[in-house]
Amino acid sequence: MAACDTCIVRNRAICAGLTGDELAVLNTLGRRRNLEPGESLIWEGDESVLVANVIEGVLKLSSSTEDGREQIVGVVYPADFIGRPFAGAAGHSVTALTAARVCVFARADFDRFASEHPGLEHKLLERTLGELDRTRKWMVLLSRKSAREKVATFLLEMSDRLVEGGCETPSEASLRRFELPFSRQQVADVLGLTIETVSRQMTMLKRDGVIELPTRRSVEIIDRTALEDIAG
């Protein structure tokens, strides 16, 4: 495993507040792992045996409905933390949407290290509360917003999070154009819409001069203010 102090998400991950000596100990517990698109790291319902920091790439969190359908319940980006420390079973599956790189820890080792380092436990609490806030906002999006508002909100979040995960000081150009890690069907699943509705709303936003769609996965925001107004 490469040294923690050379990690590209070192200053934004949960281990950011650790001292050099503490990082040296943590460094002995983790290992890097590469994931191909579609490869799963954690399976819903299985015993929670590992946790991880995302270094590169985008992964989805998903649960299965009673009839076997997949519901995407979240997305994680570089510097995000995945897995459930201090827990018995995984609440959802974690699968790579793009080629990804993660720093993996055995959950038992990480739990022990975290309990001995209050600063890391504090970071975990901050991340948990942040996830709770995002979940509450997502509940509003799914239950109250129109299809047009949902798609606009989704594009804004993708723009912000994908750029944030890729560089420390995003440029205006990078905020405008990005590659979606989702298919149109996956976007529909995330937003609780049909693929036809998502495609129609994207086409309408393009027609109105708010976005451009250079390819099926590429999005360029032409008028961010207008997109924010539409998102509500």
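Which residues of α6 are buried? Let me start there, since that helix is a nice way into this structure, and please keep in mind throughout that we are looking at a predicted model. The buried residues of α6 are R184, Q186, V187, A188, V190 and L191. That is six of the eight residues in the helix, which spans residues 184-191, so α6 is largely enclosed by the rest of the structure. If you follow the chain just past the end of α6, you come to G192, where phi is positive, at about 70°.

Now to the sheets, beginning with the one that contains β8. Here four strands make an open sheet, ordered β1-β8-β3-β6, and the pairing is antiparallel. At the edges sit β1 (30-35) and β6 (81-82), each of which pairs on one side only. As a general reminder, strands of a sheet pair through backbone hydrogen bonds, either parallel or antiparallel.

Let me spend a moment on β8, which covers residues 100-106. With β1 it pairs in the antiparallel sense over six bridges. If you would like to find the register on your screen, R32 has C103 in β8 as its bridge partner, and R31 stands opposite V104 in β8. On the β3 side, six bridges join β3 to β8, again running antiparallel. There, the bridge partner of E56 in β8 is R101.

Is β8 largely enclosed or largely open to the outside? Five of its seven residues are buried, so β8 is largely enclosed by the rest of the structure.

What lies on this sheet? Helix α1, residues 20-29, lies across β1 and β8, and runs at about 55° to β1. Helix α2 packs on the sheet as well, touching β3 (50-56), β6 and β8, and its direction makes about 70° with that of β8.

On to the other sheet. This one is also open and has four strands, in the order β2-β7-β4-β5, with antiparallel pairing. Its edge strands are β2 (40-42) and β5 (70-76), each pairing on one side only. Ignoring direction, neighbouring strands here are turned by 30° against each other on average. For β2 and β7, the latter being residues 93-96, two bridges join the antiparallel pair. To place that pairing, look for I42, which stands opposite V94 in β7.

Next, the charged side chains. How many salt bridges does the count come to? The count comes to nine, and I have picked a few to walk through.

The first pick is in α2, the helix we just met on the β8 sheet. The side chains of R112 and D109 meet in a salt bridge, at 2.6 Å from N to O. Both residues lie in α2, residues 107-115, three residues apart, about one turn of the helix. The general background is that an α-helix has 3.6 residues a turn, so residues three or four places apart point the same way. As for exposure, R112 is partly exposed at 45% relative accessibility, and D109 is partly exposed too, at 25%.

My next pick is in helix α8, residues 224-231, where E228 and R224 are four residues apart and so separated by about one helical turn. These two form a salt bridge, with the closest N and O atoms 3.4 Å apart. E228 has a relative accessible area of 38% and is partly exposed; R224, at 25%, is partly exposed as well.

Then there is E39, which forms a salt bridge with R33, the closest N and O atoms being 3.3 Å apart. E39 counts as partly exposed at 27% relative accessibility, and R33 is partly exposed with 23%. There is also a network: R148, R207 and D208 are linked by salt bridges.

Let me finish on the surface, with something nonpolar. L125, L129 and L132 form a nonpolar patch there, and together they have about 270 Å² of accessible area. L125 sits in helix α3, residues 118-144. Its relative accessible area is 48%, so L125 counts as partly exposed.

That's my tour. Thanks for listening, and I'm happy to go back to any part of it!

Technical notes. Residues are numbered from 1 along each chain as its sequence is written. This is a predicted model: local features need pLDDT of at least 70, side-chain atom pairs count only at pLDDT 80 or more; totals for chains, interfaces and linings use all residues. Side-chain values use heavy atoms; hydrogens and water are left out. Patches are made of residues with over 30% relative accessible area and no salt bridge: like charges are joined within 9 Å, nonpolar side chains (Val, Leu, Ile, Met, Phe, Trp, Tyr) within 5 Å. Accessible areas come from the Shrake-Rupley method with a 1.4 Å probe; for residues, only the protein chains shown count as cover. A salt bridge is a side-chain nitrogen of Lys or Arg within 4 Å of a carboxyl oxygen of Asp or Glu. Buried means under 20% relative accessible area, exposed over 50%, partly exposed in between (1.4 Å probe, protein chains only). Two strands pair if DSSP finds at least two bridges between them. Contact means heavy atoms within 4.5 Å. Axes are lines fitted to C-alpha atoms, for helices over the stretch in contact, and angles run from 0 to 180 degrees between N-to-C directions.
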